[in-house]
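Me: Please take me through the charged pairs and one helix packing in this model. Keep it brisk.

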Amino acid sequence: MDLRLFASLLLILVSHLFPSAIAAVNPSMINLQGEPKIEEAAPELPVHRLYEYKDKLRRDTPRGTLEGFSQAAYEQDFELAAKYLDLRYLPEGMTAESGAEYASKLQAIIDRNVWVDLDQINDSPRGLDNDMLPAYRDAFGRIQVDGGEVSLLLQRVPGKQGSLWKVSNATVAKIPQLYNQLGYGPVVEWLIDKLPEGRLFKINLWEWVLLVIYLLAAFIIVIPITWFVKILLLRTRVGLKTELAYIVAGPLRFFLAVILDRAWIAHSSISAMALDMIDTGFLLFISACWLVWSSLGILQAGLKQRWIAKDNQQGVSLLRPLTNFTRVMFIALAGLIWLEHLGFNASAIMAGMGIGGVAIALASKQSIENFIGTITLYSAAPIKVGNLCRFGAINGTVEEIGLRCTQIRTLDRTLIHVPNAKLAEMEIENISEREKIRFKADIRLDYATSSEQLKSIIYDIKLMLEQHAQVDESPLRVTFQGFGLHGLQVNIFAYVGTTSFPSYQVIAEELHLGIMDIVAEHGSQIIPVAPTMLPK
């Protein structure tokens, strides 16, 4: 049961509420071609008549006879419908008293196998000329049976006030045989016998029951199978088995049930008119989209595990927006295919989207800029997820690079969302990309320090740096810069071989304390930038 069913129900409801705006479904339009036919809602217009009927049952013309028969069959008045059949000269075993039964079976044959447009049926007492049939006969449908073709005929017969058109006795004589091959099966006959007569939204009550039975039966068959496969998956050592089990017990189960339900409905006894209303492919569209959506999630999870093992963090951060983009594109493409199936012109829709796309692009200028900024960030890769960076006045760790903005976790543990268009134009200092951290110290010694003391201090500080396991051998400098305003200036420069700032802080503390000890050992002292007033 698909969206067209619900759309039809809504259409009929609106037609009852607003009869002047939407026409109700014409019950005289009977299915006579064996193929689904989509009828678009149209305003109510008076049917163009070529002949003013004299017979109260409108059997003066072929069209009037078919309209009257279909109307009577639609109202389940098969006694009246039998009056549109020529019950004379029937073969042995068939009697005119069974006319209502023959009318019911003929309507079932018509519903299941053929479609005729009543507007194309001749509406004159003479019937259709040049149709390779006698003047007193007209064909209103053809049925394929056992490799052959059977024509359904109307025939002009004598009446009290002139000739009348009825379903020919030759066609009536074939009804039992045709019904055995093309009519309803025993299950449907049982439902028709047990259920009350009537229709709900132009569909027989027994057809509603049969549709529900088909859907429930499909799930009853599919659920145990998928449950068993799920249990087997969870007991294996397959990677992502939990995610695969979810797909089997969720979208795959729904998809298989819909496929099985559609297969049964296609070969069921449901009338083509009912199939036309319910067979839109909506459930198939939903189930396929759900299945592909979940499958792309499995693909994302598998690639994420593989790239994490290869330490490809940039690829991992790209997976989520790329997967979302692929999902959106698939849903859009599937939606266009579905609309094409419903009878819409997908090319016209795409053309309309192209025209409207200009206005949308102008209205969403900022969003487009952010998307381009995202492409720039991923292609140039100045930052990666997990990097500690400085963005202008912001210091923080990159948590996610999305399609619109980038999430940055600051040192105060707050979360900042920076638009990608703005981020692509900023000066970004990627602290995490440094391979080592600079150690720099400028000290000032008292002018009372002698040159011998200064040389010894410089030598010992340099020796301490060279002997430290975490300090790089080169570049490494300890130099006397000159005579400052407040003391002798000594510059210390080296690199600590670590990228961890907490580790650097521990090493820098050791080096600073070592420098203080060396200065004190040689009888000098470190003085501040500006002299302090000592208390007397």
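Reply: Short questions and answers on this predicted model follow.

Me: Where in the chain does D60 sit?
Reply: Two helices frame this residue: α1 covers 3–17 and α2 covers 62–74. D60 falls in the loop between α1 and α2.

Me: Which side chain of opposite charge is nearest to D60, and how far away is it?
Reply: D60 is buried yet has no salt bridge. A salt bridge needs a nitrogen and a carboxyl oxygen within 4 Å. The nearest side chain of opposite charge belongs to K54, at 6.6 Å.

Me: Which backbone atom lies 3.2 Å from a polar atom of the D60 side chain?
Reply: The side chain of K54 makes no salt bridge with D60, being 6.6 Å away. The backbone of K54 does offer a partner at 3.2 Å. That atom is the backbone nitrogen of K54.

Me: How many salt bridges does the structure hold?
Reply: Side chains of opposite charge can pair when their charged atoms come close. One such pair here is R88 with D86. The total for the structure is 11 salt bridges.

Me: Is E67, which forms a salt bridge with R58, buried or exposed?
Reply: The closest N and O atoms of E67 and R58 are 3.8 Å apart. R58 is partly exposed, at 27% relative accessible area. E67 has a relative accessible area of 6%, and the cut-off for buried is under 20%, so E67 is buried.

Me: What is the relative accessible area of D86?
Reply: D86 meets R88 in a salt bridge, 2.9 Å from N to O. R88 is partly exposed, with a value of 32%. D86 is buried, and its relative accessible area is 2%.

Me: How far apart in sequence are the parts that R390 and E429 tie together?
Reply: R390 and E429 form a salt bridge, with closest N and O atoms 2.4 Å apart. R390 lies in strand β6 (residues 388–391) and E429 in strand β10 (residues 428–430), so the pair links parts of the chain separated by 39 residues.

Me: What are the relative accessibilities of R390 and E429?
Reply: R390 counts as partly exposed. E429 counts as partly exposed too. The values are 31% for R390 and 41% for E429.

Me: How are α16 and α17 oriented to each other?
Reply: Helix α16 spans residues 451–467 and helix α17 spans residues 501–521. Their axes come within 10 Å and cross at roughly 150°. Angles over 145 degrees count as roughly antiparallel, so α16 and α17 are roughly antiparallel.

Me: Is the crossing of α16 and α17 left-handed or right-handed?
Reply: The axes of this pair cross at roughly 150°. The crossing of α16 and α17 is right-handed.

Terms used:
Residues numbered from 1 in each chain as written. Predicted model: local features only at pLDDT ≥ 70, side-chain atom pairs only at ≥ 80, totals over all residues. Heavy atoms only, no water. Helix = DSSP H or I, 4+ residues; strand = E, 2+ residues; numbered from the N terminus. Buried < 20%, exposed > 50% of the residue type's maximum accessible area, 1.4 Å probe, protein only. Lys, Arg positive; Asp, Glu negative; His and termini not counted. Polar contact = N/O pair within 3.5 Å; in protein donor to acceptor, adjacent residues only side chain to side chain. Axes fitted to C-alpha atoms, helices over the stretch in contact; angles between N-to-C directions. Parallel < 35°, antiparallel > 145°, perpendicular 65-115°, else oblique. Left-handed = near helix turned anticlockwise from the far one by under 90°.
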